[in-house]
Amino acid sequence: WASLLLPKMPTGPWIVVAATLLTLISIAFAPKKGWLSTWIKKRKMKRKILHENILKLFYHLGEADNQFFSVRTFDEMMLRRSIPLPELQGGIKALVAKNMLIVDGKGYKLSEAGLKDGQRITRLHRLWELYLSKYLRIEPDHVHDDAEAIEHIITPEIEQKLLDILGKPIMDPHNVEIPYTKSN
């Protein structure tokens, strides 16, 4: 059977073909650094960032009108933050499934857990902005984009270090309140 399926070739070239295939499979499917695992990690991080940005958006809307549990429409969300509508819809659907948002009529509102997470990501953002402006002497109007990039990877340990260094500040460099929970 093998002679019918495989052309007659010396063993050496078949070893090279087999080794090449094994190498490509290893590169693609290596558990930590393979193409597939890298793609999965990037996709998870992109999803995490989207979800945290949506919760932060809801928190900011709540800050603006002091109504953290008000129902928000897509139009209201789109006016405040430019997230492509299909991404926003998908992210909201996932957050509803995680009980971070609640469907209410023609809109969505924060759950208690969603409020807590929105507050957390807002706090991390503002603490990092303050750190950048105070210790790295970056002008307050230049810290937002850097804070947007790093807020999603700040661990509780790094947050505690920031609080220790900054002394649990009340305001960020833009004179906006930094939100704390009782456990902070």
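1. Helices, in the sense used throughout this note, are DSSP runs of H or I with at least four residues, numbered from the N terminus. With that convention, asparagine 66 of this predicted model can be placed in the loop between H3 and helix H4, the latter spanning 74–80.

2. The backbone of asparagine 66 deserves a reader's attention, since its phi is near 55°, a positive value in a residue other than glycine. Most residues other than glycine have a negative phi. As to its surroundings, asparagine 66 has a relative accessible area of 59% and is therefore classed as exposed, the cut-off for that class being over 50%.

3. A second positive phi in a residue other than glycine is found at lysine 168, where the value is near 50°. Lysine 168 belongs to the segment after helix H8, which covers residues 156–166. Because its relative accessible area is 40%, lysine 168 is described as partly exposed.

4. Turning to the interior, the largest nonpolar core comprises 17 residues, and those with the most contacts inside it are Ile54, Phe58, Met77, Ile92 and Leu101. Two or more residues of this core are given by each of H3, helix H5 (85–97) and strand E2 (107–110), and H3 provides the largest share, namely 7 residues. In soluble globular proteins, nonpolar side chains tend to be buried together.

5. Nonpolar side chains are also found on the surface, where Val17, Leu21, Ile25, Phe29, Leu36, Trp39 and Ile40 form a patch with about 670 Å² of accessible area together. Helix H2 (11–29) and H3 each supply at least two residues of this nonpolar patch, although the largest share, 4 residues, comes from H2. Tryptophan 39, one of the patch members, lies in helix H3, the helix that also gives the largest share of the core described above.

6. A positive patch on the surface is made up of Arg43, Lys44, Lys46, Arg47 and Lys98. Among these, arginine 47 is located in helix H3, which runs through residues 35–65. Arginine 47 counts as partly exposed because its relative accessibility is 38%, a value that falls between the limits of under 20% for buried and over 50% for exposed.

7. Taken together, these points return repeatedly to H3: this helix contributes 7 residues to the largest nonpolar core, supplies at least two residues of the nonpolar surface patch, and contains arginine 47, a member of the positive patch. The loop that holds asparagine 66 lies between H3 and H4.

Methods:
Residues numbered from 1 in each chain as written. Predicted model: local features only at pLDDT ≥ 70, side-chain atom pairs only at ≥ 80, totals over all residues. Heavy atoms only, no water. Patch = residues over 30% accessible without salt bridge, like charges linked within 9 Å, V, L, I, M, F, W, Y side chains within 5 Å. Areas by Shrake-Rupley, 256 points an atom, 1.4 Å probe, with all protein chains shown as cover. Salt bridge = Lys/Arg side-chain N within 4 Å of Asp/Glu carboxyl O. Lys, Arg positive; Asp, Glu negative; His and termini not counted. Charge placed at Lys NZ, Arg CZ, Asp CG, Glu CD. Buried < 20%, exposed > 50% of the residue type's maximum accessible area, 1.4 Å probe, protein only. Core = buried A, V, L, I, M, F, W, Y, C linked by side-chain atoms within 4.5 Å.
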